[in-house]
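Here is a friendly tour of one helix pair and one chain contact. Have a look at the structure first, and then we can walk through it together.

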Amino acid sequence: MEKSQKKIKVLIAKPGLDGHNRGAKVVARALRDAGMEVIYTGLRQTPEMIAEAALQEDVDVIGLSILSGAHMALAPKILEEINNTGLEGVKIFLGGIIPEEDKPKLKELGVHGIYGPGTSTKTIASDIRKASS
Amino acid sequence: MTSVAEILKGDRLAISRLLTEIENGTSEGKRTLNELFPHTGKAHIVGITGAPGTGKSTLVNRLAYEYRHPSRDRPPLSVAVVAVDPTSPFSGGAVLGDRIRMRDVAGDPGVFIRSMASRGSLGGLAQTTAGLVQVFDAAGFEVILVETVGAGQAEVDIVDLAHTTLVLEAPGMGDDVQTIKAGILEIADILVVNKFDRPGAKNTLRFLKNMLRQFDPEERYELHHGQRSPFPDLPITESEKNKPGWDPPILTTIATSGEGVSELVERITNHRNFLLSSKRWSLKEERRIKREMDTMLQRELLIKWRDSTSSTLYQRTLKKLVKREISPQRAVQFLLEGDQ
């Protein structure tokens, strides 16, 4: 009872302007079923909004869903904003349509994992668990 | 390591981390809360409850915006929001979606929104919601909006936490018999019919008005929560009994467009003034703190009892119970008084 009841907290956000939020919702639901607390922020989030939500919710993980092709513009900006909040150790995961050639660059920037269409939600959940332990 | 000084001056990262400590029930979190407690008691705590889909989050968003950018002659106030959503009873996980509706105040340093999962509590709040509210109170937030889990009929914990409780109704949620049942409608200091642009809204308003007419505001106040704690309340003095009560108003809003929200904030403020001028504020505070202590006392007693009872006795009793050799009543007797 009195032992610490630490739960993994995940922020799921969709930056940018594409309206395809089905993937984000599927992942949110799957992580819920994996016992995590998922804060779902919905569509059209700016990097500032994402960083602010991460700060207020003190999340362990941020999952970004980008299907617009704007990931190379958005990801660095989001990472920078999160750094500015002073939060430490927040792991960023990215899902959506990400071309192979962009992946090394994104990893280098500090994106922890990248998932394309067809990824099993179990894989995502277990990667998040590993990353936040 | 959270420093009390950082919280008191409103450092957002320190606040956020402390909230996590408290949610997780760590000793660090508890210690800091102990130190913060003398700095609490200033904020106006406003509860927002109602069935799922009545528009609680959307209204909270509008309320926060109205507090920040008053459309009438009011000073802007800083606002903290604690939004509770249910935890899955199966996985222990949760999807907290209240933030989706709270975009209008994004980027405002005078607003802090925190989502929390109920983590197994059934009364519409989480066990640690009161603790989170105390942190925001100590950090100097002037208004704290607490949005409960989408509530049915009996999730009335919010009255023990909030100074002012708003109960939201939306059109098309059942006939007038629903309005005479005990529970959630009774706890309202202000009733709000949201989605007033929807068909049937006028009927809902009429049902609620009829229900309220049958209330005696005096009685309602003194018997507010029924017997919810096994420990006796502080006695109410005769002079307190004779003070005029609050007649809960019914307001109509369309949260999506903001219609009626300015008026609602006006009434919430009136309720606060009523509580302060009639000394109900301190009476409410007394009871609120007492209930918090009682809840904690019950929890700790249970833990203490469990730690002092052999688990073999528990298992043995449970086995007998499952085989229906003894009744639940007898089982409890065995556990508390030993197997004689």
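How do the axes of helix H2 of chain B and helix H5 of chain B cross, and within what distance do they come?

## The helix pair in chain B

Please keep in mind that this is a predicted model. In chain B, the axes of helix H2 (residues 12-23) and helix H5 (residues 129-138) cross at roughly 160 degrees and come within 9 Å. Because angles over 145 degrees count as roughly antiparallel, H2(B) is roughly antiparallel to H5(B). The crossing of H2(B) past H5(B) is right-handed.

Which residues meet here, if you want to pick them out? From H2(B) come Ile15(B), Leu18(B), Leu19(B) and Ile22(B), and they meet Gly131(B), Leu132(B) and Val135(B) of H5(B). Sorted by class, this contact has 6 nonpolar residues, 1 polar residue and no charged residues.

## Where chain B touches chain A

H2(B) turns up again at the contact between the chains, which takes 30 residues from chain A and 28 residues from chain B. On the chain B side, the elements giving two or more residues are H2, strand E3 (94-96) and strand E4 (111-117). H2(B) gives the most, with 6 residues. By class, the chain B side has 12 polar, 11 nonpolar and 5 charged residues.

## Strands across the chains

E3(B) also pairs with a strand of the other chain: 3 bridges join it to strand E2 (residues 37-40) of chain A. The two strands run parallel. To find your way in, look for Glu37(A), which stands opposite Ala94(B) in E3(B).

Terms used. Residues are numbered from 1 along each chain as its sequence is written. Chains are lettered from A and ligands numbered from 1 in the order in which they are written. This is a predicted model: local features need pLDDT of at least 70, side-chain atom pairs count only at pLDDT 80 or more; totals for chains, interfaces and linings use all residues. Axes are lines fitted to C-alpha atoms, for helices over the stretch in contact, and angles run from 0 to 180 degrees between N-to-C directions. Helices (H or I, at least four residues) and strands (E, at least two) are DSSP runs, numbered from the N terminus. Angles under 35 degrees count as roughly parallel, over 145 as roughly antiparallel, 65 to 115 as roughly perpendicular and the rest as oblique. A crossing is left-handed if the near helix is turned anticlockwise from the far one by less than a right angle, and right-handed if clockwise. Two residues are in contact if their C-beta atoms, placed from the backbone, lie within 7 Å. Ala, Val, Leu, Ile, Met, Phe, Trp, Tyr, Cys and Pro count as nonpolar, Asp, Glu, Lys and Arg as charged, and the others, Gly among them, as polar. Two strands pair if DSSP finds at least two bridges between them.
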